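Reader: I should like to learn how to read the main features of a protein model. May we work through an example together?

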Amino acid sequence: MTSIAVSTTINGDDVEFLCRADETLLDVLRNRLGLMGAKEGCGTGDCGACSTIMDGRVVCSCLVLGAETEGREIETIEGMANGSDLHPLQSKFIEHAALQCGVCTPGFLMAAKALLAAHPDPTEKEIRFWLAGNLCRCTGYDKIVRAVQDAAAEMRGEGT
Amino acid sequence: MRYERPGTIEDAVAMLAQASGRSFVLAGGTDLLVRMKSDDFDADLVVDIKAIPGMDEIAETADGFAIGAAVSCAELAENSALVSAWPGVVEAANLIGSTQIQSRCTMTGNLCNASPAADSVPALVAADARVRVIGPNGTRTISAQNIPVGPGKTSLEKGDIIDAILLARPQPRSGDAYLRFIPRTEMDIAVVGVAVNLTLGADGSVQTARVALGAVAPSVILSEEAARTLIGTKLEAAALGALEAACSAASIPIDDKRGTVAFRKQVAGVLARRAARIAYERAGGK
Ligand SMILES: Cc1cc2nc3c(=O)[nH]c(=O)nc-3n(C[C@H](O)[C@H](O)[C@H](O)COP(=O)(O)OP(=O)(O)OC[C@H]3O[C@@H](n4cnc5c(N)ncnc54)[C@H](O)[C@@H]3O)c2cc1C
Ligand code: FES
Ligand code: FES
């Protein structure tokens, strides 16, 4: 199988890579670019552990072909913190103990980031529906919802 | 497997028509990529239609809406004209998967995947949607209902691509609605899905009705018997009772771990009654 040359933008940087036609964006991130933040929980769109943002929308990177990302803008968890300054969502996840094993966390953070960009003041119901495609085996979800609510308040300038 | 991203529909059709082995159109990939990962799947060619100009647009025409085949279901909800014209179609499309899936999945992909449980399909059929098919022998417009012919099977031929779903401008005093039953509150496959589309007369009685049932047969059912129970009524108790019975009778579901035949038949009736009420209210009926 011949390789396809792809030019894309990842976390603001121009990136070029070669991939096979059947390789997913998740495969490319993890196996070719060394970006190990996105996780493979299922590979079939069910768990959300591989969530990344493409052209402003959260997607399962396991259901995007690497070749499809030509000319697109990709955001991954690696671009979330600014140097050593954590994003408010990251800080609040730590503060609320919204993670245990952490496998689901990058996916939740990317999905939550897209949520707050679209809806800065979501209700609890909106948060739960938006994050329904992200599964967590450890936390029971409640702490995650609280962390997202708290981060949203901080990002609106209503510090708690 | 080869991946191609042609810039014109003519090139896309030619690639598919000339492909020697198995070839697939790629829209959102939320069905196709899942299938690609199974061991018994093999494709020689995948043709990504998302770079073809116009495919990602919802065009408002004199007749209604032309929804490009690459428009994601998330984008449907962001088009207020479409939401107010066809709220049932949009709510059905928005039930597909999660936020992540919504960013990518398309109604055309939902239709062409030909799952008996596809959520947007009963709503499209109730709305009398048509699809524009471009193939090696030119362009034709056919009823969306005629695309799926059985589980995983469509009437499309080699080289055919749907470039848009066409929805008419709704009649005055009309409304549509879709409801499904799933064991969870989200992220699950319909055990039964029902769509109803009604147009009322000036006196508030139902003039035309279309009732479509999903997940209760190998492909979507458009039940004329069910529609007839509503014509001339204002959805009085007797009419809704007759609708419920007609929908249960029209359903020929399978038994599986997600629902028995008896359960699915009963739920088809119950959902039809509820969807009819919502459609009636959206049409301005009281
Ligand atoms: C986690 C998850 C949850 C899901 N939940 C639901 C759900 O709740 N309800 C539901 O109905 N479905 C669900 N699905 C299935 C899937 O998301 C939908 O069927 C979706 O609408 C498919 O659209 P797509 O654009 O991604 O299709 P693709 O995967 O791109 O294509 C699907 C099929 O249609 C063909 N095709 C696509 N576009 C065209 C075209 N323009 N012309 C000709 N052929 C074409 C492809 O070749 C392929 O065979 C789910 C899937 C996942 C992974
Ligand atoms: S790994 Fe992509 S959704 Fe589970
Ligand atoms: S923290 Fe372990 S899966 Fe969520």
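Author: Let us begin with surface. Accessible areas come from the Shrake-Rupley method with a 1.4 Å probe. The model before us is predicted. For chain B, the accessible surface comes to about 11800 Å², and carbon and sulfur atoms account for 51% of that area.

Reader: How much of chain B counts as buried?

Author: A residue is called buried when its relative accessible area is under 20%. In chain B, 54% of the 286 residues count as buried.

Reader: What does the radius of gyration say about chain B?

Author: One compares the value with that of a compact globule of 286 residues, which would be near 19 Å. Chain B has 19 Å, so the two agree. Along its principal axes, the C-alpha trace of chain B spans about 60 × 45 × 35 Å. Its secondary structure comprises eleven helices and 14 strands. Of the contacts in chain B between residues at least 6 apart in sequence, 60% join residues at least 24 apart.

Reader: Which residues touch the most other members of the largest nonpolar core?

Author: That core has 70 residues, and B:Ile67, B:Leu76, B:Met107 and B:Leu167 touch the most other members. Helix α8 (residues 120–126) of chain B supplies the largest share of this core, five residues. Leaving aside residues up to four places away in sequence, B:Met107 touches several residues, including B:Ile67, B:Leu76, B:Val89 and B:Leu124. Another core, of 31 residues, lies apart from it; among its members are B:Val194, B:Val206, B:Leu213 and B:Leu271.

Reader: How should one read the buried residues of a helix?

Author: An α-helix has 3.6 residues a turn, so residues three or four places apart point the same way. Consider helix α1 (residues 25–32) of chain A, where A:Leu25, A:Leu26, A:Val28 and A:Leu29 are buried. These residues cover an arc of only 165° around the axis, which puts them on the same side of α1(A).

Reader: What covers the buried residues of α1(A)?

Author: The cover includes strands β1 (4–10), β2 (13–19), β3 (51–54) and β5 (73–75) of chain A. After α1(A) comes A:Gly34, whose phi is positive, near 70°.

Reader: How does one recognise pairs of charged residues?

Author: Side chains of opposite charge can pair when their charged atoms come close. Over all chains, the count comes to 28 salt bridges. In one of these, the side chains of A:Asp150 and A:Lys92 meet at 3.6 Å, N to O. A:Asp150 lies in helix α5 (residues 142–155) of chain A and A:Lys92 in helix α2 (residues 88–95) of chain A, so the pair ties together parts that are 58 residues apart in sequence.

Reader: Are A:Asp150 and A:Lys92 buried or exposed?

Author: A:Asp150 is buried, with a relative accessible area of 12%. A:Lys92 is buried as well, at 5%.

Reader: Where do B:Glu91 and B:Arg282 lie in chain B?

Author: Their side chains meet in a salt bridge, at 3.0 Å, N to O. B:Glu91 belongs to helix α5 (residues 87–94) and B:Arg282 to helix α11 (residues 261–282) of chain B, and the pair links distant parts of the chain, 191 residues apart. B:Glu91 is partly exposed at 25% relative accessibility, and B:Arg282 is partly exposed at 35%.

Reader: Which residues are linked in a network of salt bridges?

Author: A:Arg20, A:Asp22, A:Glu23 and A:Arg32 are linked in this manner.

Note on methods: Residues are numbered from 1 along each chain as its sequence is written. Chains are lettered from A and ligands numbered from 1 in the order in which they are written. This is a predicted model: local features need pLDDT of at least 70, side-chain atom pairs count only at pLDDT 80 or more; totals for chains, interfaces and linings use all residues. Side-chain values use heavy atoms; hydrogens and water are left out. A nonpolar core is a set of buried Ala, Val, Leu, Ile, Met, Phe, Trp, Tyr and Cys residues joined through side-chain atoms within 4.5 Å. Buried means under 20% relative accessible area, exposed over 50%, partly exposed in between (1.4 Å probe, protein chains only). Helices (H or I, at least four residues) and strands (E, at least two) are DSSP runs, numbered from the N terminus. Contact means heavy atoms within 4.5 Å. The arc is that of the directions from the helix axis to the C-beta atoms. The radius of gyration is taken over C-alpha atoms; the globule rule is 2.2 Å times the number of residues to the power 0.38. A salt bridge is a side-chain nitrogen of Lys or Arg within 4 Å of a carboxyl oxygen of Asp or Glu.
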